[in-house]
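Here is a brief report on one protein chain. Look at the model first, then read on.

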Amino acid sequence: PDPALDPALDPARWADALTFEIAPLLDAATEDRMPRPSPDGRSLAFRRGRGDVCILDLESGEVRTLRPGWDAWVEYVWSPDSDWLALAVSDRDFNRDIHLFPADGEGTPVNVTRHPDTDAQPRFSADGKVLAFVSDRTGDEGDAWMVFLDRELDRMNERDLEAYFEAQRKAVKKRKPLPVSKAAAGGDDESTETSDEDSEKPGDGESAADASAPAEPAFTREDLEDAHRRLRRVTRIDGDERDLLLMPAGDRLVFTASGGPEEGRGVYAIDWDGGDLKRLGGSADLRGVSLDGGTLVTVSGGRARTMPVSGGGGEAFAIDERLEVDRVDRNLALFDEAARILGEGFYLDPAEKGLDWTALTARYRELAAASRTPDELEWVVNRLFGELNGSHLGMRANSSSSPLRESQGRLGAIVEPVEGGFRVIEILPGGPAERSPTPLA
């Protein structure tokens, strides 16, 4: 068959022909989600329950709690050397700051933003010396900010800083993914065999996992203690900047903006010092950046796309598949997720209201299994939520529009239901009912 006639036969879609064996890393009674592997491949950070940040040792299987908490919206990213995690987490006044936690759990964390407005989306440069984030501290709008975690960078003049960033741009071009062991790939050995040619890359004794990995710590605890005094505001665009990405070299930031000097909403890039603001494209969700910092991954309109950080061009990837949906299985999955979220995050223990949440969930689950439409499922879930008698609880089911649906106007009449139909109480003057050639009866 001709690939031009059937896109599914395009050789570029080779990944469609692969199958993967999927097995759980954790099989616990707790709700575990938001996995974040460490750059060295040895650990996995994840959120347990309502807001505990935990770390799984992938070799031993040991799980330890880095930070117990209640904030289900906690964000966390690893430092490039896997020694720290940056957590954007709220306190009991719902103020969010960015704290750096030692990954080994030894020592106290350091709040590096310290402000009564929201700080979120922490992002490290590849060498760990630069941290970028989004803050609402100016004008109640989200702006991109950054800080040199290494205090020595703050002491550099403009020429020395440019030399530093140039060195980082060259270093990140040599970054490679972690090597895959034969054991992990189904082989006999625990390490991957390399040829003489491969052993020479990336060169100069640098790690194949990350050619820019620092040989010594990127910063000290003393550097962190006054980091909140050395913050730099990068963007000054009207509206919010979100979906922040820091390029691996630390010299440039990419983000989405709700407004902007060039054609408004879209994806923008800017230098670390606020210069060279450039619009890269229209509205899209930023998903990541390549190891060498040259390519962005975005999603827009349900389609994945790559685009150069320099702007222009890009490639869209066709993702399509026919699915057979079992309505009962779908509704039960939606019901279970809704019940889990509320049962896990409700502000009071349901037992304090004299309720057995597990038994209630099982009871309403039978109704959910019998529901046929999104509206019916919504009705069932909201009755379950109503058992808690709490404020601002509810679920709204999304449903696609029927091609048979037609817009409906108002009759201009007040009616009340009666057996067999409706009784007309009043016809509004000048309305459609009054002007109709067929009078309401």
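## Hairpin, sheet and helix pair

Strands β5 and β6 form a hairpin, with five residues between them. In the turn, S82 has a positive phi of about 65 degrees. Strands here are DSSP runs of E with at least two residues, helices are runs of H or I with at least four, and both are numbered from the N terminus.

This is a predicted model, in which local features need pLDDT of at least 70, side-chain atom pairs count only at pLDDT 80 or more, and totals for chains, interfaces and linings use all residues. Residues are numbered from 1 along each chain as its sequence is written, and side-chain values use heavy atoms, with hydrogens and water left out.

Back to the hairpin. β5 and β6 run antiparallel and are joined by four bridges. Two strands pair if DSSP finds at least two bridges between them. Y76 has L87 of β6 as its bridge partner. Side chains alternate along β5. Y76 and W78 point to one face and are buried (under 20% relative accessible area, 1.4 Å probe, protein chains only). E75 and V77 point to the other face and are not buried.

A second group of strands forms an open sheet. Its order is β17-β18-β19-β20, with antiparallel pairing. β17 and β20 stand at the edges with a single partner strand each, so one side of each has no neighbour in the sheet. The twist averages 25 degrees from one strand to the next. Within this sheet, β18 and β19 pair over six bridges in the antiparallel sense. T295 has P308 of β19 as its bridge partner.

The two antiparallel pairs are set out below.

| Pair | Residues | Bridges |
|---|---|---|
| β5 and β6 | 75–78 and 84–90 | four |
| β18 and β19 | 295–300 and 303–308 | six |

Now the helices. α5 (residues 327–345) and α7 (residues 374–386) pack at about 25 degrees, their axes 11 Å apart. Axes are lines fitted to C-alpha atoms over the stretch in contact, and angles run from 0 to 180 degrees between N-to-C directions. The two helices are therefore roughly parallel (angles under 35 degrees). Residues in the contact (heavy atoms within 4.5 Å) include L334 and F335 of α5 and V380 and V381 of α7.

Finally, the whole chain. There are eight helices and 22 strands. Of the 441 residues, 36% count as buried. Among contacts between residues at least 6 apart in sequence, 41% join residues at least 24 apart.

Terms used: Buried means under 20% relative accessible area, exposed over 50%, partly exposed in between (1.4 Å probe, protein chains only). Angles under 35 degrees count as roughly parallel, over 145 as roughly antiparallel, 65 to 115 as roughly perpendicular and the rest as oblique.
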